[in-house]
Amino acid sequence: MTSFGTVFTPEMILTHFDGVSWSTPELVPSERISIHPAAHVLHYASTCFEGLKAFRHADGSVKIFRLDTSIARMQQSSKKMSLPEIDPELTRKMVIDIVRRFSTAVPKPPGSMYIRPTHMGTEPAIGKAAVASMTSTFFVLLSPVGAYFSVDSSALRLLLEVDKVRCAPHMGMVKTGGNYASALGLITAAKQTSQADQVLFCPDGDVQETGAANFILIDGNEIITKALDHTFLHGITRDSVLTLARDLGMNISERTLSVAELIERVTKPNAEAALSGTAAVLAPVGTLIYQGQEITVGAGNEGPITRKLRQALNAIQWGETSDSYGWLTTI
Ligand SMILES: *Cc1c(COP(=O)(O)O)cnc(C)c1O
C-alpha cells in the first residue's frame, strides 16, 4: 500500500495574487510549479495550508466535510503569516471545482479524497526578511487516500516532552510549514531513542498536542482536553468529536491538563486517550513514555469510547446518519 499523501490527481487548481488581485483560477498539472529561487516562502517560510476531506456516499454523491470552517482557518492562517488575504468565496469555488473535476477519483469509504489548499509568498526579494511578500500563489492539491487504520494497527506510543515547545507559542494555532520543521528533530529523536510514534508536547507540564494531531483524555463519562489558546492547533476534528461526545451525554472539560494529572488518570483500568485529526479522525494512544518509564493507558489498546466516537463521526462523513450540524457540502 502507498503511504498517505503520496498519490495525486494529475491536475490541481491554482491562482496568483499579483499585489492587487487574484488571477482567474486555472487547472495546471500537479507535478510541478514554477517558482523563483528568491521566492519569499523558500527563505522566510511565508506559507500556510489546510487539510480536509471529500467523501463518497452510497448514492454516488460526493461531500466535503466542514469546508467553510477550514476556509475560515486558512483565512486566519494567511493573516497570521502576513500573506495576502485570501478570498473565501474564491477559495470555496476552487475547492469545489477541483473536487468536482476529479469526483470519479474520490475513493469509497473508508477511503476519501484528501484536499490540501496551500498558500505561499512568492515575491522574489531576499532582502525582505522582515517585510511581507506582496505576491503569493494559492493552489488546491488533491490526494486520494485509503483507510488510515489497517487491521493490525495498534495503539500509539507517545513520548512526553516537558522541556521544549513544538513551535513559537503565539504561532501554535497556525498551520504553517515552519512549525512542523521545528518539531521534527524532537520527533525523530523520540522515534529513535524510545520507539515512540509521536511526541506529546507538554511544555512546563501543560499537555498540549503532538506534531500534527490534538490530544484528548477520556476518563469515564468525561473528556478532558486543553482549552483553545494560541499555543496549539484548533483541530476541526477535535471540535467535531467534542460536539458529538456532548450529544452522547458526555461531559467535556476544556481546561488545562497537567502531566501529573494525566499520568494519574491514565492508570485507571478504563481510561482512554486518543489523537484527533483529519487523517485518522481518532487514533488510540496505548502508552505514554515519561522520564524513562512506560505508562500504559487503561488497557493499552483502543477503548470502546474512542471507537464509538470515531464511528459516530465516520457515520456522518460517509452519509450513514443524518448530517444534523450541516457539516457536509455537496459538490
Ligand atoms: C492539522 C493539525 C491538527 C488537526 O486538525 P484537524 O483540523 O482536526 O485536521 C492538530 N494539530 C496540528 C499541529 C495540526 O497541524
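**View 1. Arg-166 counts as buried, with a relative accessibility of 4%.** In this predicted model, Arg-166 belongs to the loop that lies between strand E8 and helix H4, the latter covering residues 177-194. Because buried means under 20% relative accessible area, the 4% computed for Arg-166 places this residue in that class. Its side chain makes a polar contact of 3.3 Å with the side chain of Glu-209, and the side chain of Arg-166 also reaches the backbone oxygen of Gly-211 at 3.4 Å. When neighbours within four places in sequence are left aside, the residues in contact with Arg-166 include Gly-172, Asn-179, Tyr-180, Ser-182, Ala-183 and Phe-201, as well as Thr-210.

**View 2. The ligand is surrounded by 15 residues, among which Lys-175, Tyr-180, Glu-209, Thr-237 and Thr-278 come nearest.** Glu-209 and Tyr-180, which are also in contact with Arg-166 in the first view, thus appear again here among the residues that come nearest to the ligand. A polar side-chain atom of Tyr-180 lies 2.4 Å from an oxygen atom of the ligand, while for Lys-175 the distance between an N or O atom of the side chain and a ligand oxygen is 2.8 Å. Arg-73 likewise places a polar side-chain atom 2.9 Å from an oxygen atom of the ligand. Of the 380 Å² of accessible area that the ligand has on its own, the protein covers 95%. By residue class, the shell around the ligand consists of five nonpolar, six polar and four charged residues.

**View 3. Helix H6, which spans residues 259-266, is mostly covered.** Six of the eight residues of H6 are buried, and these are Val-259, Glu-261, Leu-262, Ile-263, Arg-265 and Val-266. The buried residues of H6 pack against several strands, among them E8 (156-161), E9 (198-201) and E10 (214-219). Strands E11 (222-225), E14 (281-290) and E15 (293-296) are also packed against by the buried residues of this helix.

**View 4. Strand E7, made up of residues 136-145, is mostly covered and pairs with strands E1 and E6.** Nine of the 10 residues of E7 are buried. Strand E1, residues 11-17, runs antiparallel to E7 and is joined to it by five bridges, with His-16 having Thr-137 of E7 as its bridge partner. Strand E6, residues 112-121, is also paired with E7 in the antiparallel sense, here over 10 bridges, and Ser-112 stands opposite Val-145 of E7. In a regular strand, side chains alternate between the two faces of the sheet.

Methods: Residues numbered from 1 in each chain as written. Predicted model: local features only at pLDDT ≥ 70, side-chain atom pairs only at ≥ 80, totals over all residues. Heavy atoms only, no water. Buried < 20%, exposed > 50% of the residue type's maximum accessible area, 1.4 Å probe, protein only. Helix = DSSP H or I, 4+ residues; strand = E, 2+ residues; numbered from the N terminus. Contact = heavy atoms within 4.5 Å. Near = heavy atom within 4 Å. Polar contact = N/O pair within 3.5 Å; in protein donor to acceptor, adjacent residues only side chain to side chain. Areas by Shrake-Rupley, 256 points an atom, 1.4 Å probe, with all protein chains shown as cover. Nonpolar A, V, L, I, M, F, W, Y, C, P; charged D, E, K, R; others polar. Pairing = 2+ DSSP bridges.
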